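Biologist: Could we go through this structure together? I should like to begin with the terms and then move on to the details.

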Amino acid sequence: MSPSTRVLRTRVLAAAAAMAALTAFVPAPALAESTALADGLTANYRTSATGATTDQVEPWFTITNTGTTTIPLSEVTLRYYFRGETPDVGYRFSCSWAVRGCGNVTGTFRQLGTPTATADRYLEVGFTSGAGSLAPGGTTGDLQLRFYRTNWGAITQSDDYSFGNRTTYTPWSTVTVQRGGTTIWGTGPGGGDEPPDPPDPPQPTGEVLFDDFAYTSSSDPRIAQRGWTVRSGGGGPGVPGAVWDPALVTFPSVGGSQVLQLESSNNGSSARQTELYHQRKFFEGTYAARVFFTDTPVRGIDGDHVVQTFFTITPLDAPMDPNYGELDFEYLPNGGWGEPSNILYATTWETYQNEPWVADNVHTEQRTSFSGWHDLVIQVASGRVRYYVDGTLFADHGDRYYPETPMSINFNLWFISGGLVGQPGDRAYQERVDWVYFAENEVVSPGQVSSRVNGYRTSGVQHVDTVR
């Protein structure tokens, strides 16, 4: 949401810009030279916010494959360098329109290790696998991007390294393009190639939680002994009067491994819901779980607004409690909350009040099916909360939304109030969890999470908990 009217582009103008980018490459006076490589990529830049100061920076790009090999866009990143404003309140990224789909474009802000007079950070633009590939001579088409300060304060961009007052696409060497961490276009503000991405962190030396969910049933005494609670009784969220039923929390064998299975059901009015949560002792570090989301019920009619989750939470002690915190992955296979169909949310909460409803959060979403197994990772460190899905950055939140207090780890499956199909008959949905992992005070990459979990399993370790 933006107060600027510039983002209200007409589809006609957007389509025209995209067609121009796709069909024409107009050389400009040489700005710099880039080494010609077999995996050649060229970044073309223009802006729709040309003023020396602005309320939001609007860098637009196309990336052209000038090499001889087809390149998956998921391996490509682009960096736009700039200098932050004072006071530093943080920045937010948005994609206004993209030929490849805004849901397939990511934006992350990172600090430069060695600041210069014109840059102390950069916006790193990346792509999910859904963006496809670039064949030789191919282009991404328009990437109409923007970013702004979290307080909507003024931004002076005329002194930023990557900014230029260009209203038509031009090869632009003050942005850099990387493939697999190697710079193959442009020159960063420090000159020369960008430093390589840091290696994966070493094996954990701090406190960890790992659970493979090798339990016999929801009444297995080891569940409580290990800090878990199978929820029972009433209370929100969900359909008014719903019951949290421990009998519907099971641990079947799937693919030769036991999993946590949540099954929630309703008959068109009353509902039985499921939840498993750990004690409240987790704060900064890396949270991860392998979760199976489903789009259709395992029995009965389809269409209920159901929520499938992996999240952390600090309880709300009072309306607008400043110590409240919540980090959510929430999948809605049938939509809900005004959404007509499947959507995955990553939401970071500051606080809320129930009556009247006030929500103070920031969220990122993708409107597509996420049915199937997914590795979900949440990194909480240095004032930022980063969400990953299957190794790809999904959301980057922080600033005042960063959590302040220890949280519990939770999985639940529930029905949105008012979201049941108005038809009687028993129906049920399922969510499964293969494992859960937490590393305290350590930022662990998604790939390293998988390696560590595989190491536990290879060694026959089913449970570890050294977090105090």
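Modeller: One definition comes first: a residue is called exposed when its relative accessible area is over 50%, buried when it is under 20%, and partly exposed in between. Please also keep in mind that this is a predicted model.

Biologist: Is Arg367 buried or exposed?

Modeller: Arg367 has a relative accessibility of 53%, and because the cut-off for exposed is over 50%, Arg367 counts as exposed.

Biologist: Which residue has its closest N and O atoms 2.9 Å from those of Arg367 in a salt bridge?

Modeller: That residue is Glu339. Arg367 sits in the loop between β27 (358–366) and β28 (372–381), while Glu339 sits in the loop between β25 (325–332) and β26 (343–353), so the salt bridge ties together parts 28 residues apart in sequence. Glu339 counts as buried, at 17% relative accessibility.

Biologist: What else forms a salt bridge with Arg367?

Modeller: Glu365 does, with the closest N and O atoms 3.9 Å apart. Glu365 is partly exposed, its relative accessible area being 24%.

Biologist: How many salt bridges are there in total?

Modeller: The count is 22 salt bridges. Some residues are linked in a network of them, namely Arg384, Arg386, Asp396 and Asp399.

Biologist: Let us step back to the whole chain. What is the secondary structure?

Modeller: The chain has three helices and 33 strands. Of its 468 residues, 52% are buried.

Biologist: And what share of the contacts links residues 24 or more positions apart?

Modeller: Among contacts with a separation of 6 or more, 73% are between residues 24 or more positions apart. As for the surface, the chain exposes about 19,400 Å², of which carbon and sulfur atoms supply 52%.

Biologist: Now the sheets. What is the strand order in the open sheet that contains β13?

Modeller: The order is β7-β8-β5-β13-β14, five strands with antiparallel pairing. The edges are β7 (105–111) and β14 (182–185), each of which pairs on one side only. Neighbouring strands in this sheet are turned by 30° against each other on average, direction ignored.

Biologist: How many bridges does β5 make with β8?

Modeller: Strand β5 (residues 76–82) and strand β8 (residues 121–127) pair antiparallel over five bridges. Within that pairing, Arg79 has Glu124 in β8 as its bridge partner. Five bridges also join β5 to β13, again antiparallel, and there Val76 stands opposite Arg179 of β13.

Biologist: Why is β13 described as largely enclosed?

Modeller: Four of the five residues of β13 (residues 175–179) are buried, so the strand is largely enclosed by the rest of the structure.

Biologist: How does β13 connect to β14?

Modeller: The two strands form a hairpin with two residues between them, and Gly180 in the turn has a positive phi of about 60°. Three bridges join β13 to β14, which run antiparallel. Here the partner of Arg179 is Thr182 in β14.

Biologist: Arg179 has come up twice. Which residue forms a salt bridge with it?

Modeller: Glu75 does, the closest N and O atoms lying 2.8 Å apart. This pair links distant parts of the chain, 104 residues apart: Glu75 is in the loop between β4 (71–72) and β5, whereas Arg179 is in strand β13. Glu75 is partly exposed, with a relative accessible area of 35%.

Biologist: Turning to the open sheet with β1, which strands stand at its edges?

Modeller: The order in that sheet of five strands is β6-β10-β3-β1-β12, with antiparallel pairing. The edges are β6 (91–98) and β12 (170–171); each has a single partner strand, so one side of each is left without a neighbour in the sheet. Strand β1 (residues 41–47) pairs with β12 in the antiparallel sense over two bridges, and Tyr45 stands opposite Thr170 in β12.

Biologist: Last topic: how many disulfides are there?

Modeller: The count is one disulfide. Cys95 and Cys102 form it, with their sulfur atoms 2.1 Å apart. The angle about the S-S bond is -70°, and the link is left-handed.

Biologist: Are those two cysteines buried, or partly exposed?

Modeller: One of each: Cys95 counts as buried at 16% relative accessibility, whereas Cys102 counts as partly exposed at 25%.

Key:
Residues are numbered from 1 along each chain as its sequence is written. This is a predicted model: local features need pLDDT of at least 70, side-chain atom pairs count only at pLDDT 80 or more; totals for chains, interfaces and linings use all residues. Side-chain values use heavy atoms; hydrogens and water are left out. A disulfide is a pair of cysteine sulfur atoms within 2.5 Å. Buried means under 20% relative accessible area, exposed over 50%, partly exposed in between (1.4 Å probe, protein chains only). Contact means heavy atoms within 4.5 Å. Accessible areas come from the Shrake-Rupley method with a 1.4 Å probe; for residues, only the protein chains shown count as cover. Two strands pair if DSSP finds at least two bridges between them. Axes are lines fitted to C-alpha atoms, for helices over the stretch in contact, and angles run from 0 to 180 degrees between N-to-C directions. A salt bridge is a side-chain nitrogen of Lys or Arg within 4 Å of a carboxyl oxygen of Asp or Glu.
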